[in-house]
Amino acid sequence: MQLKSRHLLGLEGMTEEEITLILDTAESFREIIERPIKKVPTLRGITVLNLFYEPSTRTRISFELAEKRLSADSISFTPATSSVKKGETLKDTVRNIEAMKIDMVVVRHSSTGVPYFLTQCIQSNVINAGDGSHEHPTQALLDMFTIRRKYGRLKDLRVVLVGDIKHSRVVRSNIWGLKAMGASVAVCGPTTLLPVEIEKFGVDVYQNLDKAIEGADVVNIMRIQLERQQAGLFPSQREYTNLFGMTRERLALLNKNYTIMHPGPMNRGVEITNEVADGDASVILEQVTNGQAVRMAVLYLLSGKKAEEE
Amino acid sequence: MTREKIEEVLDEKGIARAITRISHEILEKNGGAESLVIIGILSRGADIAKRIADRIREIEDRDIPVGLMDINLYRDDTHFKLDQPVIQRTEILFDVAGRNLILVDDVLFTGRTIRAALDQIIDFGRPKSIQLAVLIDRGHRELPIRPDFVGKNIPTAADDRVLVRLNETDGREGVFVVKGGMKKPVPEIVASKKRRAKGGKK
């Protein structure tokens with residue numbers, strides 16, 4: 001079993017077998033990050049460029065650590081201190097860096113489609129670390145990995161994605177991935193934060209959180225992007241919390257062995273209360289640990305694939 | 001498909017005898033089982049390691065910690081191959097530091113698997129000694145690696161294939177040499193791979 005593509009642009013179209021391969025491989029890497037010496041020589045000689053055009057803490061550090069733990073050489077690129085400031089285009093920037101002989105590029109960008117665009121102008125393997133509101137495949141993979149570790153499966157679990165569905169790349173990747181793995185997926189948020197025709201994704205759509213989470217196994221809470229509040233997409237934080245905030249009282253509606261997830265960064269007291277975020281069923285920090293194992297698995301599985309194969 | 005010449009070099013009893021002899025030699029060399037830990041290389045090396053530990057328990061009435069490891073992350077040829085190996089688990093749930101560690105594999109060939117295994121062991125700690133036990137030594141070493149305990153030495157040509165089949169993994173027992181079969185598929189191999197896939201092996 002191999003991944004079909006030598007890039008990871010998103011989970012749309014990825015098969016159950018491919019996702020299972022990534023999750024199985026991540027199990028082995030999870031063991032490595034528990035060892036006293038958290039390093040294997042697997043990617044020795046491979047150079048990875050981390051191209052983060054958007055701020056990121058977790059994803060960037062997670063990728064950097066994953067690369068170091070696989071013994072790859074990694075460099076991180078910050079636009080603020082580069083020739084991007086002098087007007088150099090993305091294409092020129094990347095082609096120039098690739099001329100210094102890199103093998104893989106991890107890219108985060110505020111514009112949808114940038115990872116795909118890069119595959120058209122460079123030879124390196126490209127990994128999408130989040131593009132606009134399109135996809136964030138490694139986040140969805142780590143979410144699925146975390147759920148699978150707890151329940152031993154993804155099939156037939158009921159997963160509810162709550163919050164800003166419209167602007168969330170995590171949501172899209174999660175929907176595609178979870179559906180491929182046989183889970184039942186629902187989304188819930190204010191009408192203004194639900195994309196038009198979201199039901200065409202094959203998910204149940206709710207605007208009432210209590211109804212959405214009734215009988216759910218997993219609630220994955222998305223960040224409310226406070227910066228968008230100025231756009232008037234919801235009246236006030238307090239109203240949002242009342243209608244869509246995950247509170248202790250609401251936990252009673254869930255299935256017995258429920259799980260609370262959040263991709264971070266959290267707005268405590270807005271979309272999630274402290275009690276829920278720090279409760280026993282919260283796997284928020286475990287998601288972060290698992291993220292590294294999943295990213296190591298993705299780097300490993302794509303690293304051996306050369307351009308000539310396609 | 002042309003018929004390959006397949007020769008059986010060890011049957012079920014032969015494998016059992018070899019494992020018993022290796023177990024006695026390990027105890028003899030180490031003055032008992034007290035300081036021992038055993039690590040088998042997946043997948044059949046791990047099966048043989050468990051059998052050696054079972055035999056030692058019968059002889060000495062003492063349990064020895066048994067670990068298993070996947071060496072693929074330590075291979076030096078990952079990027080030369082188009083097909084990447086599927087990584088399995090490594091499970092060493094005990095401290096190797098200061099112990100006499102017996103590393104077990106089914107077939108010793110070029111020695112590159114053992115080199116990778118040695119690298120990985122060192123990442124877990126610093127054993128007092130590492131000794132190598134193999135069921136079959138078929139020669140053709142490419143590295144200066146020598147086994148301490150050998151079930152059976154088999155002279156082979158470089159392009160022969162040596163197949164170890166064990167009940168735990170394959171549902172059958174025996175060691176076979178396929179003459180000149182290095183590049184060609186052997187019906188038994190295909191069948192056994194299918195069986196393993198059906199068994200839901202990771």
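# Exercises on a predicted model: sheets, cores and helix packing

An open sheet in chain A contains four strands in the order β2-β1-β3-β4, paired in parallel fashion. The coordinates come from a predicted model.

**Exercise 1.** Determine which strands of this four-strand sheet stand at its edges, and describe the twist.

*Solution.*
Step 1. Begin with the order β2-β1-β3-β4 of chain A. The edge positions are taken by β2 (73-77) and β4 of chain A; each has a single partner strand, so one side of each lacks a neighbour in the sheet.
Step 2. From one strand to the next, the twist averages 15°.

**Exercise 2.** Establish how strand β3 of chain A is paired on each side and how far its residues are buried.

*Solution.*
Step 1. Take the pairing with strand β1 (residues 47-52) of chain A: five bridges join it to β3(A), and the two run parallel. Within this pairing, A:Leu51 has A:Val107 as its bridge partner, and A:Phe52 has A:Arg108.
Step 2. Turn to strand β4 (residues 125-131) of chain A, which is joined to β3(A) by five bridges, again in parallel. Here A:Val106 stands opposite A:Ile127.
Step 3. Count the buried residues of β3 (residues 104-109) of chain A: six of its six residues are buried, and the strand is mostly covered.
Step 4. Separate the two faces of β3(A). One side carries A:Met104, A:Val106 and A:Arg108, the other A:Val105, A:Val107 and A:His109, and all of these are buried.

**Exercise 3.** Describe the five-strand sheet of chain A and the surroundings of its strand β5.

*Solution.*
Step 1. The sheet is open, with the order β7-β6-β5-β8-β9 (chain A) and parallel pairing. Its edge strands are β7 (204-206) and β9 (259-261) of chain A, each of which pairs on one side only. Neighbouring strands are turned by 20° against each other on average, direction ignored.
Step 2. Strand β5 (residues 158-162) of chain A is joined to β6(A) by five bridges, and the two strands run parallel. In β6 (residues 184-188) of chain A, four of the five residues are buried, so this strand is largely enclosed by the rest of the structure.
Step 3. Towards strand β8 (residues 218-221) of chain A, β5(A) pairs in the parallel sense over four bridges. A:Asn220 in β8(A) is the bridge partner of A:Leu161.
Step 4. Helix α5 (residues 137-151) of chain A lies across β5, β8 and β9 of chain A and runs at about 165° to β9(A).

**Exercise 4.** Is A:Val159 buried or exposed, and which residues does it touch?

*Solution.*
Step 1. Locate A:Val159 in strand β5 of chain A, where it stands opposite A:Val185 in β6(A).
Step 2. Compare its relative accessible area of 2% with the cut-off for burial, under 20%. A:Val159 is therefore buried.
Step 3. List its contacts, not counting residues up to four places away in sequence: A:Ile147, A:Leu178, A:Ala183, A:Ser184, A:Val185, A:Ala186 and A:Val218.
Step 4. Set sequence against space for one of these contacts. A:Val159 and A:Ala186 are 27 residues apart in sequence, with a C-alpha to C-alpha separation of 6.3 Å.

**Exercise 5.** Characterise the nonpolar cores of the model.

*Solution.*
Step 1. The largest nonpolar core has 84 residues. Those with the most contacts inside it are A:Phe29, A:Ile127, A:Leu141, A:Met144, A:Ile147, A:Leu299 and B:Leu103.
Step 2. Helix α10 (residues 284-303) of chain A contributes the largest share of this core, nine residues.
Step 3. A second, separate core has 30 residues, including B:Leu10, B:Ile19, B:Ala53 and B:Ile64.
Step 4. Examine A:Met144. Leaving aside neighbours within four places in sequence, A:Met144 contacts A:Leu11, A:Ile19, A:Leu23, A:Leu154, A:Gly177, A:Leu178 and A:Met181.

**Exercise 6.** Analyse the packing of helices α1 and α2 of chain B.

*Solution.*
Step 1. Helix α1 (residues 12-30) and helix α2 (residues 44-60) of chain B pack at about 65°, with their axes 9 Å apart. The crossing of α1(B) past α2(B) is right-handed.
Step 2. Identify the contributing residues: among them are B:Ile15, B:Ile19 and B:His24 of α1(B) and B:Ile48, B:Arg51 and B:Glu60 of α2(B).
Step 3. Sort the contact by class: 10 residues are nonpolar, three polar and three charged.

Conventions. Residues are numbered from 1 along each chain as its sequence is written. Chains are lettered from A and ligands numbered from 1 in the order in which they are written. This is a predicted model: local features need pLDDT of at least 70, side-chain atom pairs count only at pLDDT 80 or more; totals for chains, interfaces and linings use all residues. Side-chain values use heavy atoms; hydrogens and water are left out. A nonpolar core is a set of buried Ala, Val, Leu, Ile, Met, Phe, Trp, Tyr and Cys residues joined through side-chain atoms within 4.5 Å. Buried means under 20% relative accessible area, exposed over 50%, partly exposed in between (1.4 Å probe, protein chains only). Contact means heavy atoms within 4.5 Å. Axes are lines fitted to C-alpha atoms, for helices over the stretch in contact, and angles run from 0 to 180 degrees between N-to-C directions. A crossing is left-handed if the near helix is turned anticlockwise from the far one by less than a right angle, and right-handed if clockwise. Ala, Val, Leu, Ile, Met, Phe, Trp, Tyr, Cys and Pro count as nonpolar, Asp, Glu, Lys and Arg as charged, and the others, Gly among them, as polar. Two strands pair if DSSP finds at least two bridges between them.
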